[in-house]
Amino acid sequence: MILFFGTRSGKPETKKLFNSTCPYCQQRGTLSAITQKNYFHIFWIKLFKISSTSTIECSHCIRGYYETEFTEEMNRELSNTMN
């Protein structure tokens, strides 16, 4: 019997952060959060989530931020949009 298993990323989820300010260009309402989740699968059926990564990008200055660079304001609004 052949068994196909491994990891696979899910569809990226994009959420607009309307009440956050970009720390670089100081523009309000230009940030978008992109969340990518990785899943363990057997026969291409997702079984459980392994990890999740988030990045935030400003549409005005095109600056990107990794999770370690998020401000308190970004974290607060990101957690509000996840609920």
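Reader: How many helices and strands are there in the chain?
Author: One helix and five strands. Keep in mind that this is a predicted model. Along the sequence the order reads β-β-β-β-β-α.

Reader: What makes the chain something other than a compact globule?
Author: Set its radius of gyration against the globule rule: 83 residues would give a value near 12 Å, but the chain has 16 Å. The C-alpha trace spans about 60 × 25 × 20 Å along its principal axes.

Reader: And what share of the residues counts as buried?
Author: That share is 28% of the 83 residues. The chain exposes about 5,900 Å², and carbon and sulfur atoms supply 55% of that area.

Reader: Which residues make up the largest nonpolar core?
Author: There are eleven: Leu-17, Cys-22, Cys-25, Leu-31, Ala-33, Ile-56, Cys-58, Tyr-65, Phe-70, Met-74 and Leu-78. Elements giving two or more residues to this core are β3 (31-42), β4 (45-58) and α1 (72-82). The set is called a core because its members are buried, meaning under 20% relative accessible area, and are joined through side-chain atoms within 4.5 Å.

Reader: What does Cys-58 touch, neighbours within four places in sequence aside?
Author: Cys-58 is in contact with Cys-22, Cys-25, Thr-30, Leu-31 and Arg-63. Cys-22, Cys-25 and Leu-31 also appear in the core list.

On to the rings.

Reader: How many aromatic pairs turn up in the whole structure?
Author: Four. One of them is Phe-4 with Phe-43, at 6.0 Å centre to centre and 75° between the planes.

Reader: Why is that pair of Phe-4 and Phe-43 called edge-to-face?
Author: Look at the angle. The planes are 75° apart, and the label applies over 60 degrees. The 6.0 Å between centres also passes the limit of 6.5 Å for a pair.

Reader: What does this pair tie together?
Author: Phe-4 lies in the segment before β1 (5-9) and Phe-43 in the loop between β3 and β4, so the pair links parts that are 39 residues apart in sequence. As for cover, Phe-4 is partly exposed at 39% relative accessible area, and Phe-43 is partly exposed at 34%.

Reader: Why is the pair of Phe-5 and Phe-40 called tilted?
Author: Its planes are 40° apart, with 6.4 Å centre to centre. That angle is neither under 30 degrees, as stacked would need, nor over 60, as edge-to-face would need, so tilted is what remains.

Reader: How do you know that the pair links distant parts of the chain?
Author: Phe-5 is in strand β1 and Phe-40 in strand β3, 35 residues apart.

Reader: Phe-5 and Phe-40: buried, partly exposed or exposed?
Author: Phe-5 is at 56% relative accessibility, so it counts as exposed; the cut-off is over 50%. Phe-40, at 21%, is partly exposed, because buried would require under 20%.

Reader: What else is in contact with Phe-40, leaving aside its neighbours within four places in sequence?
Author: Besides Phe-5, the list holds Gly-6, Thr-7, Ile-45, Lys-46, Leu-47, Phe-48 and Ile-50. Gly-6 is 34 residues from Phe-40 in sequence, yet 5.8 Å away in space, C-alpha to C-alpha.

Reader: What makes Lys-46 and Tyr-39 worth a look?
Author: Lys-46 lies over the face of Tyr-39, at 4.7 Å from the ring centre. The distance limit for a charge over a ring is 6 Å.

Reader: Which residues form an aromatic cluster with Trp-44?
Author: Phe-4 and Phe-43. Trp-44 is found in the loop between β3 and β4 and is exposed at 51% relative accessible area, with the cut-off being over 50%.

Reader: What is noted about the phi of Trp-44?
Author: It is positive, about 65°, although Trp-44 is not a glycine. Most residues other than glycine have a negative phi. Ile-62 also has a positive value, near 60°; it lies in the loop between β4 and β5 (64-66) and counts as exposed at 57% relative accessibility.

Reader: Where is Phe-18, and how do you know that it is exposed?
Author: Phe-18 sits in the loop between β2 (13-17) and β3. Its relative accessibility is 57%, so it counts as exposed. Outside its neighbours within four places in sequence, Phe-18 is in contact with Arg-28, Gly-29 and Glu-77. Leu-47 is 29 residues from Phe-18 in sequence and 33 Å away in space, C-alpha to C-alpha.

Notes. Residues are numbered from 1 along each chain as its sequence is written. This is a predicted model: local features need pLDDT of at least 70, side-chain atom pairs count only at pLDDT 80 or more; totals for chains, interfaces and linings use all residues. Side-chain values use heavy atoms; hydrogens and water are left out. Buried means under 20% relative accessible area, exposed over 50%, partly exposed in between (1.4 Å probe, protein chains only). Helices (H or I, at least four residues) and strands (E, at least two) are DSSP runs, numbered from the N terminus. Contact means heavy atoms within 4.5 Å. A charge sits over a ring if NZ of Lys or CZ of Arg is within 6 Å of the ring centre and within 35 degrees of the ring normal. The radius of gyration is taken over C-alpha atoms; the globule rule is 2.2 Å times the number of residues to the power 0.38. Accessible areas come from the Shrake-Rupley method with a 1.4 Å probe; for residues, only the protein chains shown count as cover.
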